[in-house]
Amino acid sequence: MDIQELRDIVRECGIAGAGGAGFPSYAKLDQKADTILLNCAECEPLLKVHRQLLQKYPYEIMSTLQLIADVLEVKEVIIGVKEAYEKTVNAARTYLSFFSKLSLSLLKEIYPMGDEVQLIYETLGKVVPPGSIPLEVGVVVFNVETIYNIYCAVNQKAPVSAKYLTIAGAVKNPITVLAPIGMAVEDLVELAGGATAGEPAYIMGGPMTGEVVAPYDTVTKTTNAILVFPKNHPVVLQKQGSTSIDMKKAMASCCQCEMCTDLCPRNQLGHPITPHLFMRAATSGTTQKLDPFLSTMFCCSCGLCEMYACPQGLAPRKLITEYKNGLRRKGIPIPKGVPLKPVNQMREYRTVPMERLISRLGLSEYNVDAPLTEETIPAKQVRIKLNMHIGAGAVPVVHKGDIVQPGDLIAKAEEGKLSLPVHASIAGEVLEINDMEILVRAR
Ligand code: SF4
Ligand code: SF4
């Protein structure tokens, strides 16, 4: 197989990064890389997808990594997995000697180990420059499910039509399932025995970086978890406040203690993001120096500053994100060539252990197993988004009334652009098509 053949298969099967921003995976298959890094850090509390997938399908995942390494002519493949995931480590070790380019890197149980920039530093000792992508330092990073999706694409020509995700929190039986893409949050929660909280709130993604969603919101190619909490749980309240109130609170009580900056993982690696300086500038309305505002572009939204560090319960991440999005809307590009400071010598003493993070977030009672099952889920209907990835959305190729089967192409990638096709996730009839999504009802 050559690189173009592999790129075509990965694109035609609609594979995007199965988590995070959903970068189209075909665009990452680049011969400039000299290292492939498998991200099995899975550092958000309560999420149990990637470790279980690598534990269940080690050969499939590792053989696909070796295939990609051969096609890209990459020298080495490193499987980054937390030492604490013992069963996963043992499963990977069983097959390690079969694959000449693969090695294991055992990671510490700290947050945010799964952030690509942190992972690359921890495994390779390289710092990705601010505003750059991992390829800049010769690395391409994939998560476990993405590689498993590539395995299914290469070996079975199977497109992405379902998503592995953990359903946990205040539910009867936490579980990890393979859900049809487009299935509603409230229907998925029933698979975990239903919510145990009287007035539940739903978070899509992890407690640190996920967002509060409505019960009718639907699963996409990047959904790693549905978490259920009582609606007055601190994690929910922290995510829900309005930014104008957050700003007023910051004006009243930011004491410039610098804890947010001291624990900011990007700052500790030398990136020019200093949340306390941003808070000072934003709350005082000082615009003489633009650096604190422009530096918001270098925030990875890990949430440590507001969910863990700030003793005043303020929301630097939320305010930084508001500014960052405003700069993007105005078309201001990410500053390039910004000098990198040396890695802070205190960095290793400023990392956040997972156990302490889980306790601080009030999640200890929810931190239980969520066993993986791949039983077929009988969804009554799905609303499949046309844009579940970075880049241009897909263009519908089906019409109202069409009958589709799982895996059928329902929207094609936009030609000449970074884009991916979308496939049906259940058998049924196309009931509605609009600019955003395609509704399919089972029959
Ligand atoms: S940790 Fe909180 S109080 Fe301290 S500087 Fe940062 S935002 Fe202000
Ligand atoms: S969310 Fe906060 S701690 Fe995380 S990178 Fe951004 S500023 Fe730093």
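**Note on the predicted model**

1. The side chains of Glu437 and Arg383 form a polar contact at 3.0 Å. The model in which this pair appears is a predicted one. Glu437 belongs to strand 18, which covers residues 437-442. With a relative accessibility of 15%, Glu437 counts as buried, because the cut-off for that class is under 20%. Leaving out residues up to four places away in sequence, Glu437 touches Arg383, Ile384, Lys385, Leu386 and Glu432.

2. A second buried residue with a charged side chain is found in strand 2. Lys82 lies in this strand, which comprises residues 76-82, and its relative accessible area is 0%. A polar atom of the Lys82 side chain is placed 3.4 Å from the backbone oxygen of Ala41. Apart from neighbours within four places in sequence, Lys82 contacts Cys40, Ala41, Glu42 and Cys43, among others. The contact list of Lys82 also includes Val89, Leu107, Lys108, Glu109, Ile110, Met113 and Met354.

3. The setting of strand 2 deserves description. Six of the seven residues of strand 2 are buried, and the strand is thus mostly covered. Strand 1 (residues 35-40) pairs with strand 2 in the parallel sense over six bridges; within this pairing, Ile36 has Val77 of strand 2 as its bridge partner. Strand 2 also pairs in the parallel sense with strand 3 (residues 102-107), over six bridges. There, Gly80 is bridged to Ser105 of strand 3. Between strand 2 and strand 3 the chain passes through helix 4 (residues 86-96), giving a right-handed β-α-β crossover.

4. Two backbone features in this part of the chain merit inspection. Most residues other than glycine have a negative phi, and most peptide bonds are trans. Leu46, which is not a glycine, has a positive phi near 75°. Leu46 sits in the loop between strand 1 and helix 2 (50-56), and its relative accessible area of 2% makes Leu46 buried. The peptide bond joining Tyr111 and Pro112 is cis, with omega about 0°. Pro112 is located in the loop between strand 4 (110-111) and helix 5 (116-124).

5. The surroundings of ligand 1 include the cysteines Cys254, Cys255, Cys257, Cys260 and Cys310. The other residues around ligand 1 are Gln256, Glu258, Met259, His276, Met279, Pro311 and Gln312. Helix 10 (259-262) and helix 12 (275-284) each contribute at least two residues to this shell. Classified by residue type, the shell of ligand 1 holds eight nonpolar, three polar and one charged residues.

6. Around ligand 2, the cysteines are Cys264, Cys299, Cys300, Cys302 and Cys305. Pro265, Ile273, Pro275, Ser301, Gly303, Arg317 and Ile320 complete the set of residues around ligand 2. By class, this shell has nine nonpolar, two polar and one charged residues.

7. Which member of the ligand 2 shell has a positive phi although it is not a glycine? The residue is Ser301, whose phi is about 60°. Ser301 is placed in the loop between helix 13 (291-294) and helix 14 (304-309), and Ser301 is one of the residues around ligand 2.

Definitions and conventions:
Residues are numbered from 1 along each chain as its sequence is written. Chains are lettered from A and ligands numbered from 1 in the order in which they are written. This is a predicted model: local features need pLDDT of at least 70, side-chain atom pairs count only at pLDDT 80 or more; totals for chains, interfaces and linings use all residues. Side-chain values use heavy atoms; hydrogens and water are left out. Helices (H or I, at least four residues) and strands (E, at least two) are DSSP runs, numbered from the N terminus. Buried means under 20% relative accessible area, exposed over 50%, partly exposed in between (1.4 Å probe, protein chains only). A polar contact is a pair of N or O atoms within 3.5 Å; within protein, one must be able to donate a hydrogen and the other to accept it, and residues adjacent in sequence count only if both atoms are side-chain atoms. Contact means heavy atoms within 4.5 Å. A residue is near a molecule or strand if one of its heavy atoms lies within 4 Å of it. Ala, Val, Leu, Ile, Met, Phe, Trp, Tyr, Cys and Pro count as nonpolar, Asp, Glu, Lys and Arg as charged, and the others, Gly among them, as polar. Two strands pair if DSSP finds at least two bridges between them. A crossover is right-handed if, with the strands pointing away from the viewer, the path from the first strand over the helix to the second runs clockwise.
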